[in-house]
Amino acid sequence: MQLDHSSASAPAPGKKQVSRRALLAAVPAAMLLTAAACGKSSGSSMDSEESHSGPVTLTYGLWDATQLPAMKQIIAEFEKANPKIKIRTAVTPWESYWTKLQTAATGGSAPDVFWMTLAYFQLYASNDVLMPLTKPIAEAKLDMTQYEPAITKGYTWGKDVYALPKDIDSIGLWYNKKLFAQAGLRTPDASWKWSDLLAAAQRLTKGEVHGIAATLSDQQTYYNTIPQNNGYVISPDGKKSGYDLPATIEGLQFWTDLINKYHVSPTLQQMTDTDPQQMFGSGKIAMYYGGSWESIAFKAIPYAKENVDVVPMPQGKVAKTVSNGLGNVIYSKTKYPQEAWKFVQFLGSKRAAEIQGETGAVIPATKSAQAAWVKSTPEFNLQTFVDEFQTNYPFPVSVNTPVWRDYATKTLADAWTAKRPVATVAKDLAKQMNEALAKEPGRPS
């Protein structure tokens, strides 16, 4: 298989930085199959698998080294139950994961099983890089309702499911209890609206302290306020941009006003020079829209561990929360499809989910194991993030998400820095995004 691509590079502000707040970095903008690669390989169907009497070694591709201990524990339990299958982990940092994966897939040597994220899923599924799991799921009588539905739906292409959900996240309002007390303010709660946030930010902004950080981070900020205002980033059918809608523009304006009109947030340049997560963790910012994954970092900072907590995001006209999440997928050309499916099935089990949750690193996509994650870090009200799944919606994606998402990051910087009006920037972005979407293949029925 040959994959033709052009590079779409976006600034990646600290993907810990394995946090999902990182933007895309050096990723394939298009994957076009040649005629020689139009069909699935003989190894992509479990029906065609040869018998393997001896030990089999599967390669498992992932990018977050901080999750490796949990993955190793999961692998050890799997190998104990399946002594003829060995798992070799291949950890590649996020910054080079997708470039390396593309090269490997082009050369027919991708890992047998690997992590997938929603922003890239349709690109890989539409190019037959992933093995459909619908049949093995049915044969195993696997109950897919055990997973958060937004993630299961996100990894469906046409009529087929291509991944078993691994984890899920959501965004909450992290706040500094000490700064609220010093300002004589009641701490935020689930009843807060946008107006409550602004009023508190104005009271909290004093001297070197800013009331809030209006970060230019799609998942953490405007991917939430846009749907909360009844706008959308991409239409439900995946064919049209919603950036030029008045409701969407207002969802963007909410953030730019915090910087340029009300001056309760650091400027984009200040947040580029110093990570806003760091500023919040040291008491220089009183409120911060951050993900469920931030709990590990804040727990490790003595000041933050003592003084911060989290509540649901303030809501607009409706209650909406964006969720992203990872899935475990099987390479369509794996030589060992049955063994790979056994491994993925175990990765999607309640036991594997409990191991993940107990580490505190990620929220398991398996609903019954999420309590383990909440209990892992009692310092914070992590139940907030789990409760928000009641109002979540999938991450905005299309076949070539990186193309228009990269452009959005670069273009919206003009609005965040007041170089151009938000409406002008948003309409420019919609035009470019629609041009990109028009070039994409249609979704299978």
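Student: How many helices and strands are there in the protein?
Tutor: The model is a predicted one. Its secondary structure comprises both element types, and the protein counts 19 helices and 17 strands.

Student: What percentage of the residues in the protein is buried?
Tutor: A residue counts as buried when its relative accessible area is under 20%. The protein has 445 residues, and the buried share of them is 59%.

Student: Among contacts between residues at least 6 apart in sequence, what percentage joins residues at least 24 apart?
Tutor: The contacts considered here are those in the protein between residues at least 6 apart in sequence. Of these, the share that joins residues at least 24 apart is 76%.

Student: Is N176 buried or exposed?
Tutor: N176 belongs to strand β10, which covers residues 171-176. The cut-off for a buried residue is under 20% relative accessible area. Because the relative accessibility of N176 is 0%, N176 is classed as buried.

Student: Which residue has its backbone nitrogen 2.9 Å from a polar atom of the side chain of N176?
Tutor: Apart from neighbours within four places in sequence, N176 is in contact with F280, G283, A286, Y303, N307 and V308. The polar pair asked about involves a side-chain atom of N176 and a backbone nitrogen, 2.9 Å apart, and that nitrogen belongs to L179.

Student: How many salt bridges does a search of the whole structure find?
Tutor: A salt bridge requires a side-chain nitrogen of Lys or Arg within 4 Å of a carboxyl oxygen of Asp or Glu. The search over the whole structure yields 10.

Student: How many residues apart are R351 and E77?
Tutor: The side chains of R351 and E77 form a salt bridge with an N to O distance of 2.8 Å. This pair links distant parts of the chain, with R351 in helix α15 (residues 350-359) and E77 in helix α1 (residues 68-81). R351 is partly exposed at a relative accessible area of 32%, and E77 is partly exposed at 29%. The separation of the two along the chain is 274 residues.

Student: What is the N to O distance in the salt bridge of D167 and K166?
Tutor: D167 is buried, at 0% relative accessibility. K166 is buried as well, at 1%. The side chains of D167 and K166 meet in a salt bridge with an N to O distance of 2.8 Å.

Student: Where does D218, the salt-bridge partner of R405, lie?
Tutor: The closest N and O atoms of R405 and D218 are 2.7 Å apart in their salt bridge. The pair links distant parts of the chain, 187 residues apart, with R405 in helix α18 (residues 401-416). R405 is buried at 5% relative accessibility, and D218 is buried at 1%. D218 lies in the loop between β11 (210-213) and α8 (222-228).

Student: Which residues are joined into one network by salt bridges that share partners?
Tutor: The network arises through shared salt-bridge partners. R351 and E77 are bridged to each other. The network consists of E77, R351 and E354.

Student: Why is α9 described as oblique to α19?
Tutor: The axes of α9 (residues 246-260) and α19 (residues 422-438) come within 10 Å and cross at roughly 130°. Angles of 65 to 115 degrees count as roughly perpendicular and those over 145 as roughly antiparallel, so an angle between these two ranges is classed as oblique. The arrangement of α9 relative to α19 is therefore oblique.

Student: Which residues of α19 make the contact with α9?
Tutor: The crossing of α9 and α19 is right-handed. On α9, the contact is made by I249, L252, Q253 and T256. On α19, the residues are V422, A423 and A426.

Conventions:
Residues numbered from 1 in each chain as written. Predicted model: local features only at pLDDT ≥ 70, side-chain atom pairs only at ≥ 80, totals over all residues. Heavy atoms only, no water. Helix = DSSP H or I, 4+ residues; strand = E, 2+ residues; numbered from the N terminus. Buried < 20%, exposed > 50% of the residue type's maximum accessible area, 1.4 Å probe, protein only. Polar contact = N/O pair within 3.5 Å; in protein donor to acceptor, adjacent residues only side chain to side chain. Contact = heavy atoms within 4.5 Å. Axes fitted to C-alpha atoms, helices over the stretch in contact; angles between N-to-C directions. Parallel < 35°, antiparallel > 145°, perpendicular 65-115°, else oblique. Left-handed = near helix turned anticlockwise from the far one by under 90°.
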